[in-house]
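Colleague: I have a chain on the screen and some questions about how it is put together. Could you go through them with me?

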Amino acid sequence: MDKIHAKIISPSGVLYSDDVDMVVMPGSEGELGVMAGHVPMIVQLKAGEVRFYNNKTHKPFVINNGLAHITPGQVNILFQWGYSKFLLRAVYKIRYINHEQ
């Protein structure tokens, strides 16, 4: 399977950059999957989860509204803020544990 280069970019810099099998993102009109060879477009994104699939695993990020610039060989996701979903889970667990004490 051909790979597509994917980047997730915030004002503070590049949070993720890798060659992946597929990117799934929350488009303003529904979820959108992008693979190598996709038609070029610019897509408005709504708040939600962006998933980068690679070798049957995926890496999720949570973003606010943004834009995706798609070409046949690359996807650039631009947004104001976002976090790795794994980081959000860790922060939630720490806050929950601290709140319980």
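The questions below go from the whole chain to single residues.

Colleague: What is the mean pLDDT of the protein chain?
Modeller: This is a predicted model, and pLDDT is the predictor's confidence in each residue, from 0 to 100. In the protein chain, 79% of the residues reach 70 or more. The mean pLDDT is 83.

Colleague: Over which residues is the pLDDT below 50?
Modeller: The stretch in question has zero contacts in the model beyond near neighbours in sequence. The pLDDT is below 50 over residues 91–101.

Colleague: In what order do the elements run from the N terminus on?
Modeller: The protein chain has 10 strands and one helix. From the N terminus on, the order is β-β-β-β-β-β-β-β-β-β-α.

Colleague: How much of the protein chain is buried?
Modeller: A residue is called buried when its relative accessible area is under 20%. The protein chain has 101 residues, and the buried share of them is 35%.

Colleague: What share of the exposed area do carbon and sulfur atoms supply?
Modeller: The area that the protein chain exposes is about 6300 Å². Carbon and sulfur atoms supply 56%.

Colleague: Which residues make the nonpolar surface patch of about 280 Å²?
Modeller: One member is leucine 78, which lies in strand E9, residues 74–79. Leucine 78 has 38% relative accessibility, so it counts as partly exposed. The patch is made by Ile42, Leu67 and Leu78.

Colleague: Which residues do the ring pairs link into a cluster?
Modeller: The structure holds three aromatic pairs. Ring pairs link a cluster made of Tyr16, Phe52 and Phe61.

Colleague: Which residue does aspartate 21 meet in a salt bridge?
Modeller: Aspartate 21 sits in the loop between strand E2 (13–20) and strand E3 (22–27), and its partner sits 18 residues apart from it, in the segment before strand E1 (4–10). The N to O distance is 2.9 Å. The partner is lysine 3.

Colleague: Is aspartate 21 buried or exposed?
Modeller: The cut-off for buried is a relative accessible area under 20%. Lysine 3, on the other side of the salt bridge, has 36% and is partly exposed. Aspartate 21 has a relative accessible area of 13%, so it is buried.

Colleague: Which residues are linked in a network of salt bridges?
Modeller: The side chains of arginine 51 and glutamate 31 meet at 3.2 Å, N to O. Arginine 51 is in strand E6 (residues 48–54) and glutamate 31 in strand E4 (residues 30–34), 20 residues apart. The side chain of arginine 51 also meets that of glutamate 49, at 3.4 Å. The network is therefore Glu31, Glu49 and Arg51.

Colleague: Within that network, is glutamate 31 buried or exposed?
Modeller: Both arginine 51 and glutamate 49 are buried, arginine 51 with a relative accessible area of 14%. For glutamate 31 the relative accessibility is 58%, so this residue counts as exposed.

Colleague: What phi does asparagine 55 have?
Modeller: Most residues other than glycine have a negative phi. Asparagine 55 is in the loop between E6 and strand E7 (57–63), and at 59% relative accessibility it counts as exposed. Although asparagine 55 is not a glycine, its phi is positive, at about 50 degrees.

Colleague: What about the phi of lysine 56?
Modeller: Lysine 56 is also found in the loop between E6 and E7. With 88% relative accessibility, lysine 56 counts as exposed. Lysine 56 is not a glycine, yet it has a positive phi of about 65 degrees.

Colleague: Which residues does asparagine 76 touch, not counting those up to four places away in sequence?
Modeller: Asparagine 76 lies in strand E9 and has 15% relative accessibility, so it counts as buried. A contact needs heavy atoms within 4.5 Å. On that count asparagine 76 touches Lys7, Ile9, Leu67, Ala68 and His69.

Colleague: What distance separates the C-alpha atoms of asparagine 76 and isoleucine 42?
Modeller: Asparagine 76 and isoleucine 42 are 34 residues apart along the chain. Isoleucine 42 is one of the residues that make the nonpolar surface patch. The C-alpha separation is 9.6 Å.

Key
Residues are numbered from 1 along each chain as its sequence is written. This is a predicted model: local features need pLDDT of at least 70, side-chain atom pairs count only at pLDDT 80 or more; totals for chains, interfaces and linings use all residues. Side-chain values use heavy atoms; hydrogens and water are left out. Rings of Phe, Tyr and Trp (its six-membered ring) pair if their centres lie within 6.5 Å; planes under 30 degrees apart count as stacked, over 60 as edge-to-face and the rest as tilted. Helices (H or I, at least four residues) and strands (E, at least two) are DSSP runs, numbered from the N terminus. Buried means under 20% relative accessible area, exposed over 50%, partly exposed in between (1.4 Å probe, protein chains only). Accessible areas come from the Shrake-Rupley method with a 1.4 Å probe; for residues, only the protein chains shown count as cover. Patches are made of residues with over 30% relative accessible area and no salt bridge: like charges are joined within 9 Å, nonpolar side chains (Val, Leu, Ile, Met, Phe, Trp, Tyr) within 5 Å. A salt bridge is a side-chain nitrogen of Lys or Arg within 4 Å of a carboxyl oxygen of Asp or Glu.
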